[in-house]
Amino acid sequence: MKVMFVPLLALAAALAGCVAATTPTEMVSVGQFEGTRQRSFKLEKDATLTLELFENATTGYIWNVVSNEDICKVTQEHLPAESADGMCGAPGKCIVRITALKPGLTIVRLDYARPWETGAVPASRLICNIEVK
């Protein structure tokens, strides 16, 4: 299984570009950012796009997924920081897996916010435009 890494600088430089998933799994590492970012991805049916996102749940901020599960299945996993000395408050990461189920277009929106602050603007938002072939 081949895994591709896209560094943060390439992510920022190619925000308007498309990334085609020609392998069953593609991994995109997204560093810390503020505001809204938008990316487009082309996936083959049954391919999985994995996003690795900075997250510090100890501050209350977590990534919340908004998606239509008809075209893609979206799962997420919150991973605390790996700390040898047991340090509290260290940032971890959120792993979001988007699996293409059937051909079509969909949007997966990821909001980095505190869930109890309803109506507040998220600190960060990642909008993924997904095309499944």
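What percentage of the 133 residues in the protein chain do buried residues make up? The share is 37%, and a good part of this tour will be spent among those residues. Keep in mind as we go that this is a predicted model. The average pLDDT of the protein chain is 80, and 75% of the residues reach at least 70. Residues 1–23 call for some caution, since pLDDT stays under 50 there; for this stretch the model has 38 contacts beyond four places in sequence.

Let's start with the overall layout. The protein chain has one helix and nine strands, and reading from the N terminus the order is α-β-β-β-β-β-β-β-β-β. Take the contacts between residues at least 6 apart in sequence: 62% of them join residues at least 24 apart. On the outside, the protein chain has an accessible surface of about 7400 Å², and carbon and sulfur atoms account for 57% of that surface.

Now for the interior. In soluble globular proteins, nonpolar side chains tend to be buried together. Here, the largest nonpolar core holds 24 residues, and the members that touch the most others are Leu51, Leu53, Ile98, Leu126 and Ile130. Which elements give two or more residues to this core? They are strand 2, strand 3, strand 4 (48–55), strand 6 (72–79), strand 7 (92–100), strand 8 and strand 9 (124–132). Leu53 is a good residue to click on: leaving aside residues up to four places away in sequence, Leu53 touches Val30, Trp63, Gly92, Lys93, Cys94, Val96, Leu110 and Leu126.

Trp63, one of those neighbours of Leu53, leads us to the aromatic residues. The structure holds three aromatic pairs. In one of them, the ring centres of Phe33 and Trp63 are 6.1 Å apart with the planes at 40 degrees, so this pair counts as tilted. The pair bridges distant parts of the chain, with Phe33 in the loop between strand 2 (25–30) and strand 3 (35–43) and Trp63 in strand 5 (residues 62–67), 30 residues apart. Both partners are buried by the under-20% criterion: Phe33 has a relative accessibility of 7%, and Trp63 has 3%.

Trp63 also pairs with Tyr112, again in a tilted arrangement, at 5.0 Å centre to centre and 35 degrees between the planes. This second link also joins distant parts of the chain, from Trp63 in strand 5 to Tyr112 in strand 8 (residues 104–113), 49 residues apart. Tyr112 is buried, as is Trp63. Taken together, ring pairs link Phe33, Tyr61, Trp63 and Tyr112 into a cluster.

The cysteines deserve a look too. How many disulfides does the count come to? The count is zero. For Cys72, the closest cysteine sulfur is that of Cys128, 9.9 Å away, and that is too far for a bond. Cys72 is buried, because its relative accessible area is 1%. Cys94, which we met as a contact of Leu53, is buried as well, at 0% relative accessibility.

Let's finish at a residue on the outside. Asp46 sits in the loop between strand 3 and strand 4. Is Asp46 buried or exposed? With 53% relative accessibility, Asp46 counts as exposed. The backbone is worth checking here as well: phi of Asp46 is near 75 degrees, a positive value in a residue other than glycine.

Terms used:
Residues numbered from 1 in each chain as written. Heavy atoms only, no water. Phe/Tyr/Trp six-rings, centres within 6.5 Å; stacked < 30°, edge-to-face > 60°. Helix = DSSP H or I, 4+ residues; strand = E, 2+ residues; numbered from the N terminus. Buried < 20%, exposed > 50% of the residue type's maximum accessible area, 1.4 Å probe, protein only. Core = buried A, V, L, I, M, F, W, Y, C linked by side-chain atoms within 4.5 Å. Contact = heavy atoms within 4.5 Å. pLDDT = per-residue confidence, 0-100. Disulfide = S-S within 2.5 Å. Areas by Shrake-Rupley, 256 points an atom, 1.4 Å probe, with all protein chains shown as cover.
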